[in-house]
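The following exercises introduce a protein structure to a reader who has not met it before. Each task is followed by a solution in steps.

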Amino acid sequence: MNTLFPQSTQLLSRSHYPVIVVGGGQAGLSISYCLQQHGIEHIVFEKNRVAHSWRNDRWDTFCLVTPNWQCRLPDFPYQGDDPQGFMLKDQIAEYVEAFARKTAPPIVEGVGVQHVVRGKSGRLEVTTSAGQFSTDHIVVATGGYDIPIVPAYAASLPAHIKQIHSVDYRNPQSLPEGEVLVVGSGQSGVQIMEDLHLASRKVHLCVGPAPRSPRVYRGREATEWLMDMGYYELTIDRHPLGEKAREKTNHYMTGRDGGHEIDLRKFALEGVKLYGSMAGIQGGRLEFLPDLTQNLDDADEVYVSIRRDIDKYIAAKGIDAPEEAPFEKAWAPESDPLALDCDATGITSIVWAIGFRPDYRWIELPAFDGRGNPKYTRGVSPVPGLYFLGLPWLNTWGSGRFLGVADDARHLAEVIGKRLAGADDGAGDAPQAAVA
């Protein structure tokens, strides 16, 4: 395979490294850079290529939802001429690749890690597609988007209706002629809905409990206000929801065409048909929960609460900012629809945009809770020598994004450095009670 890093043979000639990093995305590259700063030998295994998922697992018009100025890989902030803009997917991949070229990580592309287990020697034994390795510390930087979620009842959908997951959606032309149902109103769901709507496709949308956010308010990007208000410095241990914050869906809005907020009520006025959460499928009959009204109201309440918090900040600081008209609902459903028939409606495609779940089955260590989620304190597992990086709310909101991964990577590199130096046995880093 083509690679930016043709040092594979040399790196693979050794079978032991003090640290092994699994995953060569922004998280894996960040920890690699920070380990280099500490002079710590390591190797990075990437099963595909650097920035693979940005280039290959996004739709054609995909762009960042957060502005470019939030791209802050360690010592490598966004350097383009549009900090208020939103990079398209190829530009995001180029940003990640540029960071990799600058930092020259000891990475081997095209090598997947298949199994990790504690060996009799006490070291971690790592089985890869390129052979067997051992290490004292392993950083799992694979992200949490391994397995696309599709409900089991989707199997009962008639075969003549095409169904795909959002990871496989590319553009409106790739779907058969006819009407399209998008299931899920998180960031991917609403952006794919808009992509289809702008292409004059007739779209139906199942609206879930995702919150929404203003894009520009009182004369500034909402993310700029939130930055000034310290929201991005809030750590998970101080979050009002505690560990449950990790389970919350991200606020929906978009960076498309310079960025704008998404008000599903306005899309309803433009012809998009809205339903509540998908409840099941009986042949070609789709069934919904009676929660459309509630989900729209809940998303608006979060939207209004963010505006309210910004108002309070502006008032407290005495900032001169333009006033905004109070929020008013542009549309409301007369009732919550409970079902529709695909054939009678003309629906020929369904796009499942209800997320992913991680796959850690390759880690044979007592590192997970009863639901398979990794246990850690700021990425440090209770299992000696095991670390996680790049997950949402690992420490802050930005932990799973370009904004906060650098701080987490620096923290893990410091912890690993102390442990390798024998200055920290790990007993104080990962209390058993503090779990993800």
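**Exercise 1.** Which residues does E224 touch, not counting residues up to four places away in sequence?

*Solution.* The model is a predicted one. Begin by locating the residue: E224 belongs to helix α6. Next, list its contacts: with residues up to four places away in sequence left out, E224 touches W69 and Q84.

**Exercise 2.** Why is E224 classed as buried?

*Solution.* A residue counts as buried when its relative accessible area is under 20%. E224 has a relative accessible area of 17%, and therefore it is buried.

**Exercise 3.** Describe how strand β12 is placed between its neighbours, and determine which way its side chains point.

*Solution.* Step one concerns the side chains. In a regular strand, side chains alternate between the two faces of the sheet. In β12 (residues 203–206), V203 and L205 point one way, while H204 and C206 point the other way. All of these residues are buried.

Step two concerns the pairing with β11. Strand β11 (residues 179–183) runs parallel to β12 and is joined to it by four bridges. Within β12, H204 is the residue opposite L181.

Step three concerns the connection. Together with helix α5 (residues 187–198), β11 and β12 make a β-α-β unit, and this unit is right-handed.

Step four concerns β15. Three bridges pair β12 with β15, again in the parallel sense. Here L205 stands opposite L274 of β15.

**Exercise 4.** In what order do the strands β16, β17 and β18 lie, and what is the sense of their pairing?

*Solution.* The three strands form an open sheet in the order β16-β17-β18, with antiparallel pairing. Its edge strands, each pairing on one side only, are β16 (278–282) and β18 (339–341). From one strand to the next, the twist averages 20 degrees. Strand β17 (residues 285–288) is paired with β18 over three bridges. R285 has D341 in β18 as its bridge partner.

**Exercise 5.** How far does helix α8 reach, and against which elements do its buried residues pack?

*Solution.* First, take the length: α8 (residues 292–317) has 26 residues and reaches 38 Å from its first C-alpha to its last, close to the expected 38 Å. Second, identify buried positions: among them are L292, L296, Y303, R307 and I314. Third, find the partners: the buried residues of α8 pack against β13 (216–217), α6 (222–228), α7 (264–269) and β15 (273–275). Finally, look past the helix: G318 follows α8 and has a positive phi, near 65 degrees.

Conventions: Residues are numbered from 1 along each chain as its sequence is written. This is a predicted model: local features need pLDDT of at least 70, side-chain atom pairs count only at pLDDT 80 or more; totals for chains, interfaces and linings use all residues. Side-chain values use heavy atoms; hydrogens and water are left out. Helices (H or I, at least four residues) and strands (E, at least two) are DSSP runs, numbered from the N terminus. The expected span of a helix is 1.5 Å times one less than its number of residues. Buried means under 20% relative accessible area, exposed over 50%, partly exposed in between (1.4 Å probe, protein chains only). Contact means heavy atoms within 4.5 Å. Two strands pair if DSSP finds at least two bridges between them. A crossover is right-handed if, with the strands pointing away from the viewer, the path from the first strand over the helix to the second runs clockwise. Axes are lines fitted to C-alpha atoms, for helices over the stretch in contact, and angles run from 0 to 180 degrees between N-to-C directions.
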